[in-house]
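Hi everyone, thanks for making time today. I'd like to walk you through one strand and its neighbours, and then a few aromatic rings.

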Amino acid sequence: MKIPPVKPHFFKPIQPGFKHGLRIPVGFLKYLKGHNQYEYAILKRAGKKWKVKVNGYRLEDGNWKEFVEENDVQLGFILVFRHEGNMKFEVSIFDSSHCDREYAEYLQEQETHTGEEISKKFKFKEAANHNGFGQSQFECIVRPYCISKCYLRLPKKFAMANGLINKRCGVIIRDQRQRSWNLRLVTHNSIVHVVGGWREFRVANDLKEGDYMMFEVVANGEKPIWKFHVIDLRLKISDVTTPKSQVAASTSADANPHFISTIKPYTIRKAVLYLPMDFVKSNGLMDRSEMILVDEKQRLWLAQLGRIQRHFGITSGWRQFIKTNGVHVGDTYKFELTNNGTVPIVHFHCKYTGKDARYHRSH
């Protein structure tokens, strides 16, 4: 005779369509005796509760959308539901690095703890084991501060996935010519910086403002080893016309890799461009701070992304782009996400007349 667990649980990988609800596995229903009499389920996490409607064996409506938004649930995450009885569930959320979100939040708050103290409490898997989630490498652009202030900021997701926050250690970086440099990592305000030795590394590799770089984890021990590449953006952009890269531009089966709209007066007057929020969220752009715009002459423009009051969009770099390309109020344009890497690449087609659009909205 099998003894049922005291707190039976099930886990759900987050897949496309999750914002509309989530299905309880049929095999788990045996632990929910009399569940048909309950109209709502209670989801609990970090001391908060959400009342979610039960429809057969689906959790939907009610406060489901609020639960998703407040916990920033995204594609690729894994949710674990522990049943506490009477349709009450304690929910744990694991992000794409396979780290519990509460652990990640703890790491951000404990800036005064040393890397040694934190590593005793939470052990991270090596990033090399997470290639499917893209956490074993990151891409970035050489910004002015990299030259004037002699350091490089690491993307927070990459730093967290590789256990680098508050970890006092060095890192060995090797270039394509097999030359090596010893650099130092420090954490400030939960952001990891590459500091000591950065200037020598930059000069030796002749890095200039605007250069596009990729760092790849080779080993993730006490002293990580990374491989370094300089990427020719024009070659990267020339590849995005292939069917494979078009699929990669979308983060889910129902994501919208482009939208069509018209230039509004504010776009010219304020020199900013608001992006539709469903387009932004479905393509994971909320955590991006930079974007590369490609015009119809294949010229490259670096733009900054961020919040604009209750909107999200291009905050700087837009004025010069529209001036050079002769963009005017009333022009129809296609905003096409062709590469959704660390620094997304967008092709901007002005005065667009095509009819083939997966997403069309005047925002």
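Leu43 in strand β3 has Trp50 of β4 standing opposite, and Phe89 of β7 also stands opposite Leu43. This is a predicted model, where local features need pLDDT of at least 70, side-chain atom pairs count only at pLDDT 80 or more, and totals for chains, interfaces and linings use all residues. Numbering starts from 1 along each chain as its sequence is written, and side-chain values use heavy atoms, leaving out hydrogens and water.

Strands here are DSSP runs of E, at least two residues, numbered from the N terminus, and two of them pair if DSSP finds at least two bridges between them. β3, residues 40-45, is joined to β4, residues 48-55, by 6 bridges, and the two run antiparallel. They form a hairpin with 2 residues between them, and Ala46 in that turn has a positive phi of about 50°. With β7, residues 88-94, β3 shares 3 bridges and runs parallel.

Which side chains of β3 are buried, meaning under 20% relative accessible area with a 1.4 Å probe, protein chains only? Ala41, Leu43 and Arg45 are, on one face, while Tyr40, Ile42 and Lys44 point to the other and are not.

Tyr40 has company, too: the charged end of Lys51 sits over its ring, 4.5 Å from the centre. The cut-offs for that are NZ of Lys or CZ of Arg within 6 Å of the ring centre and within 35 degrees of the ring normal. Likewise, the charged end of Arg153 sits over the ring of Tyr145, at 4.0 Å from its centre.

Definitions and conventions:
Buried < 20%, exposed > 50% of the residue type's maximum accessible area, 1.4 Å probe, protein only. Helix = DSSP H or I, 4+ residues; strand = E, 2+ residues; numbered from the N terminus.
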